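Visitor: I would like to learn how the terms used for a protein structure are justified. Could you take me through some of them?

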Amino acid sequence: MVALPIAISMGDAAGIGPEIIAKAFQAEPALLQGCFVVGDVGLMRRALALLAGVAPALAPIATPQQAWQVPPRCIPVLQPGPDTPAMPYGAISAAAGRLAADCVAWGARAALRGEVAALVTAPVHKEALSAAGVPYPGHTELLQAEAAAHAGRPVAEMPVRMMLANPELRTVLVSIHVSLRAALDAVTFDNVLQTLRITHAALAALLGRAPRIGVAGLNPHAGEGGLFGREEIETIAPAMAAARTEGIDAQGPYAPDTVFMRARTGAFDVVVAMYHDQGLIPVKYLGVEQGVNVTLGLPLVRTSPDHGTAFDIAGTGRADARSLVEALRMARQLARG
């Protein structure tokens, strides 16, 4: 029986997505065997001109399983729609936003149908998505909506969380792409408990054992016993207590300025952070080259690089594909689990 292939959505074609995909195929042909790009053939061909050395060839395919049949050192490309005219590098474009969203949606639906083992997403640009009329601010929300529609359930019944991971640190977020003010309102008993449940289930599958979860407080010094805020006492700690009755190893809440260092030295397998920047800054400070974004809670495997579209260097040939390569490694690992 032939294994399922892995789909890689092209991302925003005005950014570095096509380039890092091409570089990953060039640098890691064994790892990329059985992977294919969901994207525009012409725009992927444009990216090949940015590569130094011998560039891979393109091999248009019509079905995911054909990814296993292309010649060595070729990039299989499945184009889900008509040709998209080339757009300038480094510029927000509704056409690029629409193409990027369509490629993600195609890959998600293929994964939900069981046609691919995982979906790895190259970076999209949130303003380009908005310019194209896409009603979701990013990958996570778009994938959540696709999964909910496939299951015939309301989006609220398909809770998802973002995990950022590198070899030194993992962190999962209670809220994702909302304003800081809205993120504070999202620190509720139900949201914290739900995050702990999703984190426990995902990491248990990845590690093969119950994970040790360190929980960051919301306020400086985790509220200092209520002196700097009472969210830890009135919301976070009760949610953790409820999680522990379900067998979840949730420890804390700890001061946000030290909990990540403790996790990095082995005290915890993962840190649950209360909002986007609290959790992502420590991971990205350690270097985006090995960082991977994983969406937890979906009925499909989805990973992505830990960086954006990098419009400032798009088209220069200077993009680094290492984070995408790590995302592909993680996707293979999760798909096997």
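**Terms and the values behind them**

Guide: Helix H11 covers residues 322-336. At 1.5 Å a residue, its 15 residues should span 21 Å, and its end C-alpha atoms are 21 Å apart, so the two agree. Keep in mind that this is a predicted model.

Visitor: Which residues of H11 are buried?

Guide: Ser323, Leu324, Val325, Ala327, Leu328, Met330 and Ala331. Buried means under 20% relative accessible area.

Visitor: How do you know that the span of H7 agrees with its number of residues?

Guide: H7 has 19 residues. At 1.5 Å a residue they should span 27 Å. The end C-alpha atoms of H7 are 26 Å apart, and therefore the span agrees.

Visitor: What comes just after H7?

Guide: Gly208, which takes a positive phi of about 80 degrees.

Visitor: Which residues of H7 are buried?

Guide: Among them are Val192, Leu193, Leu196 and Leu203. Thr195, Thr199 and His200 are buried as well.

Visitor: How do H7 and H8 pack?

Guide: Helix H7 is residues 189-207 and helix H8 is residues 231-245. Their axes are 8 Å apart, at an angle of about 40 degrees.

Visitor: Why is H7 called oblique to H8?

Guide: Look at the angle of about 40 degrees. Angles under 35 degrees count as roughly parallel, and 65 to 115 as roughly perpendicular. The angle here falls in neither range, so H7 is oblique to H8. The crossing of H7 and H8 is right-handed.

Visitor: Which residues make the contact of H7 with H8?

Guide: From H7 come Phe189, Val192, Leu193 and Leu196. From H8 come Thr235, Ile236, Pro238, Ala239, Met240, Ala242 and Ala243. They divide into 10 nonpolar, one polar and no charged.

Visitor: What makes H3 oblique to H5?

Guide: Helix H3 (residues 94-112) and helix H5 (residues 139-151) cross at roughly 40 degrees. Their axes come within 10 Å. An angle under 35 degrees would count as roughly parallel. The crossing angle is outside that range and outside 65 to 115, so H3 is oblique to H5. This crossing of H3 and H5 is right-handed.

Visitor: Which residues of H3 and H5 meet?

Guide: H3 gives Ala101, Val104, Ala105, Ala108, Arg109 and Leu112. H5 gives His139, Leu142, Leu143, Glu146, Ala147 and His150. This contact of H3 with H5 divides into eight nonpolar, two polar and two charged residues.

Visitor: Now to single residues. Why is Arg73 called buried, exposed or partly exposed?

Guide: Exposed means over 50%. Arg73 has a relative accessible area of 57%, so Arg73 is exposed. Arg73 lies in the loop between strand E3 (57-61) and strand E4 (74-78). Arg73 has a positive phi of about 60 degrees although it is not a glycine.

Visitor: What phi does Ala310 have?

Guide: Ala310 has a positive phi of about 50 degrees, and it is not a glycine either. Ala310 sits in the loop between strand E12 (302-305) and H11.

Visitor: How do you know which exposure term fits Ala310?

Guide: The relative accessible area of Ala310 is 24%. Buried needs under 20%, and exposed needs over 50%. The value lies in between, so Ala310 is partly exposed.

Visitor: And what makes Gln251 buried, exposed or partly exposed?

Guide: Its relative accessible area is 26%. That is between the cut-offs of 20% and 50%, so Gln251 is partly exposed. Gln251 lies in strand E9 (residues 249-254). Beyond four places in sequence, Gln251 touches Arg212, Ile213, Gly214, Val215, Met240 and Phe268.

Visitor: Where is Pro253, and what bond leads to it?

Guide: Pro253 lies in strand E9. The peptide bond from Gly252 to Pro253 is cis, with omega near 0 degrees.

Visitor: Why does Pro137 get its exposure term?

Guide: Pro137 has a relative accessible area of 33%. That value is between 20% and 50%, so Pro137 is partly exposed. Pro137 is in the loop between helix H4 (126-131) and H5. Leaving aside neighbours within four places in sequence, Pro137 is in contact with Lys126, Leu129 and His177.

Technical notes: Residues numbered from 1 in each chain as written. Predicted model: local features only at pLDDT ≥ 70, side-chain atom pairs only at ≥ 80, totals over all residues. Heavy atoms only, no water. Axes fitted to C-alpha atoms, helices over the stretch in contact; angles between N-to-C directions. Helix = DSSP H or I, 4+ residues; strand = E, 2+ residues; numbered from the N terminus. Parallel < 35°, antiparallel > 145°, perpendicular 65-115°, else oblique. Left-handed = near helix turned anticlockwise from the far one by under 90°. Contact = heavy atoms within 4.5 Å. Nonpolar A, V, L, I, M, F, W, Y, C, P; charged D, E, K, R; others polar. Expected span 1.5 Å × (residues − 1). Buried < 20%, exposed > 50% of the residue type's maximum accessible area, 1.4 Å probe, protein only.
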